[in-house]
Amino acid sequence: MAPDTRPSERLDRAVIFLGPPGAGKGTQAMELAKHFGVPHLSTGDMLREHVGKGTTLGLKAKPIMERGELVPDSLVLKMVAERIERPDCAHGFVFDGFPRTVAQAKYLGELLKLHGFKRPFVIHLVIDPSVLMRRLTGRRTCKVSGEIYNIYDRPPKVPGICDADGGELVQRPDDREEVIGPRLHAYEKQTAPLAAYYRRLGLLHDIDATKSVDEVKRQVLQSVHSVRGVR
Ligand code: AP5
């Protein structure tokens, strides 16, 4: 008989990772999603896929992303609403890079209610901005699996090649120094206020994201376990 590979725990809610570019949202969201066997929903990855395929949405988003600005809510919200309706989201999902404005957060709140989900669990990755430039300029991502590396702190065994599947590692176009500045600015202006919004709702959990990937992962899991099941 085939071994039972189903996760032993169920998430049954949305988890949101909040934090500036390079804080480790993607790295941690991927790990948490694997742990609970639920989808990892990165709006950045979804948008990059649209850009790569040259869809109507991708053509609109491309120049905006290249400038390091946020894509308008009207484009992002429809994409997210369609995604969470798919059957693989029935037992919860992990957002990475969404919501990013208070308007997006309010819309998400309504959407979760509509689909009968519990209130979301929000993980706020708190980090000193001085380390972000090194993390972003050093990031390399697998073209096949999306696995995230860093040439300084998390290098692959063979330069340019993914350890897991041999895929090519590439640098994101918006990880150039001249685009990182505007991205950090957009975060401070439009996304940072979300921390106060979720704190007021009693949903925010601060995690020290300057620690190692494994230590942050341990803290995230501990935090999720501490309140899972609470409505
Ligand atoms: P998006 O793809 O969401 O990018 P971002 O928010 O800028 O975040 P990043 O992916 O750059 O960083 P991360 O926090 O995920 O860090 P990671 O884990 O990779 O968005 C891109 C663009 O899309 C936006 O600018 C916008 O235009 C558009 N967009 C997306 N969503 C949108 C929305 N909702 N609304 C409007 N527009 C939207 O780690 C970074 C590096 O650090 C890696 O190399 C990693 O290995 C390393 N690292 C991670 N953790 C650690 C650690 N603990 N110690 C040492 N190194 C670490």
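**Around the ligand, and beyond**

In this predicted model, Gln104 makes a good starting point: one of its polar side-chain atoms sits 3.0 Å from a nitrogen atom of the ligand. The ligand is well covered, too. On its own it would expose 1000 Å², and the protein buries 96% of that area. Helix H1 (25–36), helix H2 (43–53), helix H6 (132–137) and strand S6 (148–150) are the elements that each give two or more residues to the surrounding shell. Of these, H2 supplies the largest share, with four residues.

The backbone also gets involved. A polar backbone atom of Gly97 lies 2.9 Å from a nitrogen atom of the ligand, and for Val71 a backbone N or O atom is found 3.1 Å from a ligand nitrogen. The shell as a whole counts 35 residues, and the ones that come nearest to the ligand are Thr27, Glu69, Arg100, Arg139 and Arg183. As for its make-up, the shell is a mix: 14 of its residues are nonpolar, 10 are polar and 11 are charged.

One of those nearest residues, Arg139, has a partner within the protein as well. Its side chain makes a polar contact of 2.9 Å with the side chain of Asp175. Asp175 itself belongs to the loop that runs between strand S7 (169–170) and helix H7 (177–191). Is Asp175 buried or exposed? With a relative accessibility of just 1%, Asp175 counts as buried.

Next come the aromatic rings. A pair of such rings is described by how far apart the centres are and by the angle between the planes. The structure holds four aromatic pairs. In one of them, Phe93 and Phe95 meet edge-to-face, with 5.3 Å from centre to centre and 75° between the planes. Phe93 has a relative accessibility of 0%, so it counts as buried, and Phe95 is likewise buried, at 0%. Phe93 also pairs with Phe117: here the centres are 5.3 Å apart and the planes stand at 85°, which makes this pair edge-to-face. What does that second pair tie together? Phe93 lies in strand S3 (residues 93–96), while Phe117 is in the loop between helix H5 (102–114) and strand S4 (121–126), so the pair links parts that are 24 residues apart in sequence. Both of these residues, Phe93 and Phe117, are buried. Taken together, Phe93, Phe95, Phe98 and Phe117 make up one aromatic cluster.

Finally, the cysteines. A disulfide is a covalent bond joining the sulfur atoms of two cysteines. How many disulfides does this structure have? The count comes to zero. Cys142 is in no disulfide, and the nearest cysteine sulfur to its own, that of Cys162, is 3.8 Å away. Seen from the other side, the sulfur of Cys162 has its closest cysteine sulfur in Cys142, and because the gap is 3.8 Å, it is too far for a bond; the cut-off for a disulfide is a pair of sulfur atoms within 2.5 Å. Neither residue is out in the open: Cys142 has 3% relative accessibility and so counts as buried, and Cys162, at 3%, counts as buried too.

Conventions: Residues are numbered from 1 along each chain as its sequence is written. This is a predicted model: local features need pLDDT of at least 70, side-chain atom pairs count only at pLDDT 80 or more; totals for chains, interfaces and linings use all residues. Side-chain values use heavy atoms; hydrogens and water are left out. Buried means under 20% relative accessible area, exposed over 50%, partly exposed in between (1.4 Å probe, protein chains only). A residue is near a molecule or strand if one of its heavy atoms lies within 4 Å of it. A polar contact is a pair of N or O atoms within 3.5 Å; within protein, one must be able to donate a hydrogen and the other to accept it, and residues adjacent in sequence count only if both atoms are side-chain atoms. Accessible areas come from the Shrake-Rupley method with a 1.4 Å probe; for residues, only the protein chains shown count as cover. Ala, Val, Leu, Ile, Met, Phe, Trp, Tyr, Cys and Pro count as nonpolar, Asp, Glu, Lys and Arg as charged, and the others, Gly among them, as polar. Rings of Phe, Tyr and Trp (its six-membered ring) pair if their centres lie within 6.5 Å; planes under 30 degrees apart count as stacked, over 60 as edge-to-face and the rest as tilted.
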